[in-house]
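Okay, thanks for coming, everyone. Let me put the thing up on the screen, and then we'll go through its contacts.

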2 protein chains.
Amino acid sequence: MQPRFAVIGLDHRHVYELTQYLIEAGMECAGYWPVTSDAGVLEGFRKRFPTLTEVADKQLLLDDPTINVVAIAAIPSERADIAVAAMRHGKDVLVDKPGLTTFEQLAAVRAAVAETGRIFSVCFSERFQTPSTVRALEMVREGAIGRVIQTVGLGPHRLNRKLRPDWFWDAKYYGGILVDIASHQIDQFLAFANVEDAEIAYAAVAERAVQPGFQDFGEIVVKSKDASGYIRVDWFTPDGLPTWGDGRLTVLGTEGTIELRKYVDIAGKPGTDHLFLVDGKGTRHIPCEGGKMDYFQKFTADVINRTETAMTQAHCLNVCRLALEAQRLATQR
Amino acid sequence: MQPRFAVIGLDHRHVYELTQYLIEAGMECAGYWPVTSDAGVLEGFRKRFPTLTEVADKQLLLDDPTINVVAIAAIPSERADIAVAAMRHGKDVLVDKPGLTTFEQLAAVRAAVAETGRIFSVCFSERFQTPSTVRALEMVREGAIGRVIQTVGLGPHRLNRKLRPDWFWDAKYYGGILVDIASHQIDQFLAFANVEDAEIAYAAVAERAVQPGFQDFGEIVVKSKDASGYIRVDWFTPDGLPTWGDGRLTVLGTEGTIELRKYVDIAGKPGTDHLFLVDGKGTRHIPCEGGKMDYFQKFTADVINRTETAMTQAHCLNVCRLALEAQRLATQR
């Protein structure tokens, strides 16, 4: 079978990638609901995908039994409702991060997953869409640096103040900075530490400079039995950086370290996806740009085969829960 | 006047640098006490400084009124006692880090400083002895990256298992990993955030792999009103790294970032002391190897002029206190 997907929720530009990669993975796009809080996103979508079908009533998409998957990049606080509706209509879900923004939504998603047997998959793009991260995880699983002791994930983001819709500025909609963007690094900690769950040892958020009421800095210490992870996210990418953020991941092992410079090697090597390995033998730069990324292929296979090869459902929901717990802990502080 | 110094405490190799840099800064070495827990350190000292005078009774050095300064690199837990004795004999103190290992020692040092007016200076070498850090601090003070929001200090160290004396393995002597090596990064946080004091928001230590009872991993979150710092220290430098540790400092500002690769740029540029600046204009590599380092010159001037230009006494003692607080918090956990 060739699975078919619909797009409901065109509020964030990430919808372009979700759509593009699903098509490249072999799915057919059955149509999209052209309603948005951000006219620029819709305009860009139409420009990129001029042949796709607009469906004015999203219920038609939900009711269509030939549609297997709903892809969602709505306002973060509205994603879970769409996801639950999709699952209740028999569809698997691929959602931009964050997949949800409250504990209530998490409970509703968990219940829908349990009762329908559908897949709720959050696309943690900072792992799945960066070949250096995919390669690093393979190397770590193969034992390249011994046992993983710690990860440091730095996720600076460009503010792009003028491009942002109103909901970007209100934590009620984006869920707080840890929910919104630190879920990436939580996902990476669980993956590299090779554990299904963890606990939040420390979390903080701050409003340092952007504007009152807007969390522009956040940090987390996450722990498993044998490893810990430090996570920092912020909206302070300097204007002079040639990309949206200098995303880094450092993995400390008992026998070596791996450092990823995912999107840029500042004042260094050209291109993206730089993997630096230090082990017992020496130091090596391993270029990973253009390398394997198979999340969308695996997700497509999972839709067909009812498997969970792209990411286990438990992992995905644990990341969501840990992000919520970190945000709660930080906000109570 | 040309100040004269004595060396008491030759248990750590850092004594070589303390001695060398004091001589280069213009002080005269009046002699050293050739007693050590580590015969290799003494042997190396004699090889490096064959013309210096050995004084078998350290009391003779303390009692000598022509000696102005005592330099100390004893077993960490014994440094404060020597420092207090030196101050009580009218001498200023230059001590390898950590300067002390318990709250009782801190109180005794504070009292001696207050009552004698002498200087107790801990040589935080990862700042004072790396020109990239000296330069970065100048640039930050000049406003190169706006207001400092956060620092990340990573301090991996090579274990060198076979070179270590017995006291290296027992926290009773080294004070715990946060006291022993994280005091560097606490010092750097205070310096870059431009605050005299801070508080410990989180701290943890772990025994991950080296041997039972030995803290091989530690981390701290330190906070001031307007900034925070994450610190990680460990003993897991891989054998293939061409130096003892890939020490990094990242300074996040409202208008830019600075990253220091102090001792090596892995699989990258040759040499040490690499400063990477990202600001509104672009990305730049600023080589700092061989650049200015003036701690020892300033310390020497402070000894002569009774000033505190190298480091304020309050800063130094606050770093010691914060390291002790972090260690206590982590150990209670």
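Quick definition before we start: a polar contact is a pair of N or O atoms within 3.5 Å, where within protein one must be able to donate a hydrogen and the other to accept it, and residues adjacent in sequence count only if both atoms are side-chain atoms. This is a predicted model, so local features need pLDDT of at least 70 and side-chain atom pairs count only at pLDDT 80 or more, while totals for chains, interfaces and linings use all residues. Residues are numbered from 1 along each chain as written, chains are lettered from A and ligands numbered from 1 in written order, and side-chain values use heavy atoms, leaving out hydrogens and water.

Inside chain A, there's domain 1 (4-123) and domain 2 (127-293 + 328-332), with bounds from an automatic or database domain assignment. Their C-alpha centres sit 25 Å apart. Between these two domains of chain A we get four residue pairs in polar contact, both at pLDDT 80 or more. There's also one salt bridge, meaning a Lys or Arg side-chain nitrogen within 4 Å of an Asp or Glu carboxyl oxygen. Lys97(A) and Asp180(A) form a salt bridge, at 3.3 Å from N to O.

Now, chain A against chain B. How many residues does each chain put into the contact? It's 52 from chain A and 52 from chain B, with contact meaning heavy atoms within 4.5 Å. Two salt bridges cross there; one pairs Arg248(B) with Glu259(A), closest N and O 2.6 Å apart. On top of that, 18 residue pairs are in polar contact between chain A and chain B.
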